Amino acid sequence: GVQLVHAQDGQLTWTQNLSNGGRVFAMAINPATPAIIYSAGLDSGVYKTTNAGVSWFAVNTGLTYIKVQALAISPSNPNVLYAGTDHLGGVNKGVYVTTNAGTSWTLTGSALPDSGIQSLAVDPSDPNVAYAAVFDGVVPNPINGLYKTTNAGATWFADTAGLGLNRRFLCVAVNPFNRNTVYAGTSFMTAPATPEKIYKSVNGGNTWTEITN
């Protein structure tokens, strides 16, 4: 079955510590307390460990749709995490936010498109600022792409200036030493045929430039 494993000796020995916890799509480590780790499962929501993976427990209060495939923790306030869901069915899909280290979650992002949240990134100095990479479907849809919140998910707005037709975003990352520098990457598209793209923003996502070299 699906499992989580951990190593405490430089990866020489791996120990299974959670079996059948669901397909694990993402993990986040508390930067201030590395023994606190979160995992996102596509079948089981969010799990947490406080002892570096020896034991895990579910932290799903408020998660009314538990197919979670993206997870990000705030570097400046590790009690704040963002969790993003897939788009395969059900209601209450989108981005959930916790401000109490997973004790409870609140659904945000009513303005986000009904597509899978593939990746999340939190501003290194402000837990209220985060980015969401939204995956486009088979047919290109201009509402998908990159979104940003500046109020902890209460509202989201599209960050698409400079992006091309390919909105099949899979990942987004913020430079930990420069909050204004953000990177994002896409999958390929088959119709019309479009290769993978990497974009860079130097103004916090206001505009994007394709990295072509």
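# Exercises on a predicted strand structure

Asparagine 92 has a relative accessible area of 34% and is partly exposed. The model used in these exercises is predicted.

**Exercise 1.** Describe the backbone setting of asparagine 92, then do the same for alanine 52.

*Solution.*
Step 1. Phi of asparagine 92 is near 65°, which is a positive value in a residue other than glycine.
Step 2. The loop between strand 8 (81-85) and strand 9 (95-98) holds asparagine 92.
Step 3. For alanine 52, phi is near 60°, again positive in a residue other than glycine. Alanine 52 sits in the loop between strand 5 and strand 6 (57-58).
Step 4. The relative accessible area of alanine 52 is 26%. Partly exposed covers the range between under 20% and over 50%, so alanine 52 is partly exposed.

**Exercise 2.** State the secondary structure and overall burial of the chain.

*Solution.*
Step 1. The chain has 0 helices and 20 strands.
Step 2. Of its 213 residues, 48% are buried.
Step 3. The accessible surface is about 9800 Å², and carbon and sulfur atoms account for 55% of it.
Step 4. Taking contacts between residues at least 6 apart in sequence, 41% join residues at least 24 apart.

**Exercise 3.** Find the salt bridge of arginine 23 and place both partners in the chain.

*Solution.*
Step 1. Arginine 23 pairs with aspartate 43; the closest N and O atoms are 2.9 Å apart. The cut-off for a salt bridge is within 4 Å, so a distance under that limit qualifies.
Step 2. Arginine 23 lies in the loop between strand 2 (15-19) and strand 3 (24-29), and aspartate 43 in the loop between strand 4 (37-41) and strand 5 (45-49); the two are 20 residues apart.
Step 3. Arginine 23 is partly exposed at 40% relative accessibility, and aspartate 43 is partly exposed at 36%.

**Exercise 4.** The structure holds 3 salt bridges. Work through the bridge between aspartate 123 and arginine 179.

*Solution.*
Step 1. The N to O distance between these side chains is 2.8 Å.
Step 2. Aspartate 123 is in the loop between strand 11 (117-122) and strand 12 (130-134), while arginine 179 is in the loop between strand 15 (169-174) and strand 16 (182-186), so the bridge ties together parts 56 residues apart in sequence.
Step 3. Aspartate 123 has a relative accessible area of 2% and is buried. Arginine 179 is partly exposed at 36% relative accessibility.

**Exercise 5.** Which residues of the largest nonpolar core touch the most other members, and which strands contribute?

*Solution.*
Step 1. The core has 17 residues, and Tyr38, Val46, Leu71, Leu81 and Trp105 touch the most other members.
Step 2. Strand 3, strand 4, strand 7 (68-73) and strand 8 each give two or more residues to this core.
Step 3. Strand 7 gives the most, with 3 residues.
Step 4. Leaving out residues up to four places away in sequence, leucine 71 touches a set that includes Met27, Tyr38, Val46, Leu81, Trp105 and Leu120.
Step 5. Another core lies apart from this one; it has 15 residues, including Ala70, Val95, Ala130 and Val134.

Key: Residues numbered from 1 in each chain as written. Predicted model: local features only at pLDDT ≥ 70, side-chain atom pairs only at ≥ 80, totals over all residues. Heavy atoms only, no water. Helix = DSSP H or I, 4+ residues; strand = E, 2+ residues; numbered from the N terminus. Buried < 20%, exposed > 50% of the residue type's maximum accessible area, 1.4 Å probe, protein only. Contact = heavy atoms within 4.5 Å. Areas by Shrake-Rupley, 256 points an atom, 1.4 Å probe, with all protein chains shown as cover. Core = buried A, V, L, I, M, F, W, Y, C linked by side-chain atoms within 4.5 Å.
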